[in-house]
Amino acid sequence: MSGFLLIPRIEVHNANAQPAFWIVGAPPPTAFHGFAYALGLAINAKQNGVCIIHHDIEFLGEVFYGQLHPHQFRAAGLIDKDDYSSRNAHVLSSQPTARCNIIASLAICFNDEEVEKVSMNAVERFLSGARLAGGSIIEHEKIVFETDPEKIKRHIHTGWALHERQDLMVRQPDDRDYLDVVLRVTRKERERNPDHDFVMPTTLGYRTITPIEQRVNARKGLPHAYAEPLVGLVQYKAVRDGGLPVWIAKHDAVTQIFVVTAPTAM
């Protein structure tokens, strides 16, 4: 039987709130899957999916006239004169990005063969220096391991589970492309479809746009390729109403497309 490692109410500061270059929102499921994958590598136990439950989010910025204006961060460091703003020779350039503080719970799934490899001490060591969506983990509640999904739900109590809604990506006659679909489904209007509440676009995967090859300064000397985000729709549903979807990763070696999907729920 499989088991679930529940890390409840992880408080993360300064996480990425820009799933794609044109979207400001909560960290995407790809970020949470990357965290679960890194944890599996660290404890030498292969994970088999992750359930994502949100509790709170605080965007770092100010709201003017109903629109969020994210904080601007200074460039990473001074290298040469190119780091300075083109308008002011005495000011370093800013790094336009959107950040947030979040509280989320993760239930990471391990199959039969891997369950016995999960060590709580190893998990704690990983969490002491890990990052989630680029943000710093400040604290979390007591970690538990359960084989019964219903017990996982009782541990979580309340929250908003992340569901895949690719079923909404259907073009209508007036839609020129799938961007129009995203804008139509997520727009604010007085008489909207209740089924579209708490639906948002986010990154569900990546597609390579250059060959995978060795490049100078690539992290850990690994093969490297440039990629573009694959954007789809997700929806936040109360845990008590919609269960806990299990997000898993798929990679097509022919097309070089990496995606995360949530085909099942517990």
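Author: A residue is called exposed when its relative accessible area is over 50%, and buried when that area is under 20%. Keep those cut-offs in mind as we look at this predicted model.

Reader: What makes phenylalanine 198 count as exposed?

Author: Its relative accessibility is 54%. The cut-off is over 50%, so phenylalanine 198 is exposed.

Reader: And why is tryptophan 160 called partly exposed?

Author: Tryptophan 160 has a relative accessible area of 36%. That value falls between the 20% and 50% limits, so partly exposed is the right term.

Reader: Why are tryptophan 160 and phenylalanine 198 called a tilted aromatic pair?

Author: There are two things to check. Ring centres must lie within 6.5 Å, and here they are 5.1 Å apart, so the rings pair. The planes meet at 50°, which is neither under 30 degrees nor over 60, so the pair is tilted. By this rule the model has two aromatic pairs.

Reader: What makes this a link between distant parts of the chain?

Author: The two residues are 38 residues apart: tryptophan 160 belongs to strand E11, while phenylalanine 198 is in the loop between helix H5 and strand E12.

Reader: How do you know that the charged end of arginine 171 sits over the ring of tyrosine 178?

Author: The charged end of arginine 171 is 5.6 Å from the centre of that ring, and the distance limit is 6 Å. The rule also asks for a position within 35 degrees of the ring normal; the charged end is listed as sitting over the ring.

Reader: How do you know that the length of H1 agrees with its number of residues?

Author: At 1.5 Å a residue, the 15 residues of H1 should span 21 Å, and the C-alpha atoms at its ends are 21 Å apart, so the two agree. Just after H1 comes asparagine 44, with a positive phi near 60°.

Reader: What puts the buried residues of H3 on the same side?

Author: Ala122, Val123, Phe126 and Leu127 are the buried ones. They cover an arc of only 135° around the axis, so they share one side of H3. In an α-helix there are 3.6 residues a turn, so residues three or four places apart point the same way. The buried residues of H3 pack against strand E1, helix H1 and strand E9. On the other side, Asn121, Arg125, Ser128 and Gly129 are exposed.

Reader: What makes E3 and E4 a pair of strands?

Author: Pairing needs at least two bridges, and four join these antiparallel strands, so they pair. In one of the bridges, valine 63 partners leucine 68 in E4.

Definitions and conventions: Residues numbered from 1 in each chain as written. Predicted model: local features only at pLDDT ≥ 70, side-chain atom pairs only at ≥ 80, totals over all residues. Heavy atoms only, no water. Buried < 20%, exposed > 50% of the residue type's maximum accessible area, 1.4 Å probe, protein only. Arc of directions from axis to C-beta. Contact = heavy atoms within 4.5 Å. Phe/Tyr/Trp six-rings, centres within 6.5 Å; stacked < 30°, edge-to-face > 60°. Expected span 1.5 Å × (residues − 1).
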